[in-house]
Amino acid sequence: MIEKIKDFIQEVEEFKAETAEKAEELRLRFLAKKGILNEIFAEFKAVAPEQKKEYGQKINLLKQLVEKKIAEVKEKTEELSSKPNDLDTSLPGPNINLGSHHPITMVKNEIIEIFGRLGFTVAEGQEIEDDYHNFTALNFPPEHPARDMQDTFFVETNPDILLRTHTSGGQVRVMEHQKPPIRVLVPGRVFRNEAVSARSHCIFHQVEGLYIDKNVSFADLKQTLMYFAKEFYGEKTEIRLRPSYFPFTEPSAEMDVSCSICGGKGCPICKGTGWLEILGCGMVHPNVLKNCGINPEEYSGFAFGMGIERTAMLRYGVTDIRMFFENDMKFLSRFKH
């Protein structure tokens with residue numbers, strides 16, 4: 001029996017009660033009502049008289065060791081709970097590096113906000129488009145070069161499906177489902193099979209605008225675009241419209257703005273001309289109105305479209321369009337507000 005108690009003493013001495021949970025396990029094992037010490041005391045009656053002294057000393061030693069272990073843990077936990085908090089809550093928090101809008105998103109939102117003041121709402125198009133809404137409804141003849149594989153990404157298994165080359169398909173869908181007056185912007189990502197360089201990319205973003213109503217004239221188009229140019233580039237900005245050709249507008253024009261970098265005097269950005277081309281525009285072709293179920297004898301309208309990357313490059317002085325797609329944090333951090 002003495003050897004059994006010695007084994008328990010060794011067990012307690014080697015026991016590491018580092019947490020309150022472990023100390024509780026030790027207490028229940030030895031000091032509980034049905035614990036080891038109560039069992040040992042029960043056996044004490046059967047010990048021979050000459051062994052009772054040694055037996056009693058070992059029992060007391062075992063009990064003292066258990067209580068000591070429990071007290072050590074209690075003292076340790078109380079010390080930790082009473083220890084002052086090293087955190088000074090009056091100090092400023094860590095400098096968290098927050099993200100920001102991409103420059104393309106910032107420019108797009110500003111364009112939408114400016115035209116929104118003129119009553120333009122936003123419509124969403126679809127990036128995977130069919131030939132009819134991307135070309136046919138917009139008066140593209142069957143032999144038009146834009147339909148060629150060199151310019152358009154067609155789906156190999158279905159040549160009638162393609163990645164949209166402009167957001168005009170969204171304008172077509174609006175005209176098909178909404179009666180005039182229509183005043184809408186269609187922003188979004190477009191795709192063209194072009195070589196990637198500092199000035200062009202196979203993926204870019206556009207914002208196209210459409211206004212359809214009775215008695216809409218080219219003068220309305222000019223005043224709308226002049227308002228936008230002055231709001232976006234500055235009050236001193238001038239515009240000029242040059243004759244051009246687009247299948248879906250007649251007459252058609254390309255719009256230039258005076259170079260904000262050199263003030264129209266000529267610089268490398270504007271190639272010494274003092275002007276920068278920013279968008280194409282024109283009066284909606286009567287065939288487009290007919291294709292969308294709108295009577296061209298009763299309604300007229302204008303449309304315009306601009307590349308957001310091109311606009312952002314002019315706004316921020318970026319010389320390589322590829323920078324907008326490379327996720328260079330050093331470059332993107334320039335646009336934080």
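**Close-up views of a predicted model**

**Figure 1. Surroundings of Asn 134 in helix α6.** Beyond the residues up to four places away in sequence, Asn 134 touches Glu 129, Phe 140, Leu 162, Arg 164, Thr 165 and His 166. The structure shown here and in the other views is a predicted model. With a relative accessible area of 0%, Asn 134 is buried. Its side chain makes a polar contact of 3.0 Å with the side chain of Thr 165, a residue that also appears among those touched by Asn 134.

**Figure 2. The buried residue Glu 309 in helix α10.** Helix α10 spans residues 308–316 and contains Glu 309. Although Glu 309 is buried, it has no salt bridge. Arg 189, which carries the nearest side chain of opposite charge, is 8.7 Å away, whereas a salt bridge requires a side-chain nitrogen of Lys or Arg within 4 Å of a carboxyl oxygen of Asp or Glu. The side chain of Glu 309 is instead joined to that of His 205 by a polar contact of 2.6 Å. When neighbours within four places in sequence are left aside, the residues in contact with Glu 309 are Ile 104, Phe 204, His 205, Ile 321, Phe 324 and Phe 325.

**Figure 3. The largest pocket and its lining.** The volume of the largest pocket is about 1,100 Å³. Its lining comprises 41 residues, and those nearest the centre are Arg 192, Phe 204, Gln 206, Gly 305 and Gly 307. At least two lining residues come from each of the helices α7 (168–177) and α10 and the strands β6 (203–213), β7 (239–246), β8 (249–258), β9 (275–284) and β10 (300–307). Among the contributors, β9 gives the most, with six residues. Phe 204, listed among the residues nearest the pocket centre, is also in contact with Glu 309, and helix α10, in which Glu 309 is found, supplies at least two residues of the lining.

**Figure 4. Cis peptide bonds preceding Pro 181 and Pro 251.** The bond from Pro 180 to Pro 181 is cis, with omega near 5°. Pro 181 is found in the loop between α7 and β5 (182–191). A cis peptide bond also joins Glu 250 and Pro 251, where omega is about 0°. Pro 251 lies in strand β8, and β8 is one of the elements that supply at least two residues to the lining of the largest pocket.

**Figure 5. Positive phi values at Asn 139 and Asn 215.** Asn 139 is not a glycine, yet its phi is positive, near 70°. This residue is found in the loop between α6 (131–134) and β3 (154–155). Asn 139 is partly exposed, with a relative accessible area of 22%. Asn 215, likewise a residue other than glycine, has a positive phi of about 60°. The loop that holds Asn 215 lies between β6 and α8 (218–233). Asn 215 counts as exposed because its relative accessibility is 71%, and the cut-off for exposed is over 50%.

**Figure 6. Pro 159 in strand β4 and its separation from Ile 36.** Strand β4 covers residues 158–163 and includes Pro 159. The relative accessibility of Pro 159 is 60%, so this residue counts as exposed. Between Pro 159 and Ile 36, the separation in sequence is 123 residues. In space, the two residues are 86 Å apart, C-alpha to C-alpha.

Conventions: Residues numbered from 1 in each chain as written. Predicted model: local features only at pLDDT ≥ 70, side-chain atom pairs only at ≥ 80, totals over all residues. Heavy atoms only, no water. Helix = DSSP H or I, 4+ residues; strand = E, 2+ residues; numbered from the N terminus. Buried < 20%, exposed > 50% of the residue type's maximum accessible area, 1.4 Å probe, protein only. Lys, Arg positive; Asp, Glu negative; His and termini not counted. Polar contact = N/O pair within 3.5 Å; in protein donor to acceptor, adjacent residues only side chain to side chain. Contact = heavy atoms within 4.5 Å. 1 Å grid on protein atoms, 1.4 Å probe; cavity = no way out; pocket = protein on both sides within 12 Å on 5 of 7 lines; lining within 4 Å. Points joined across faces, edges and corners; volume = space filled by probe spheres on them.
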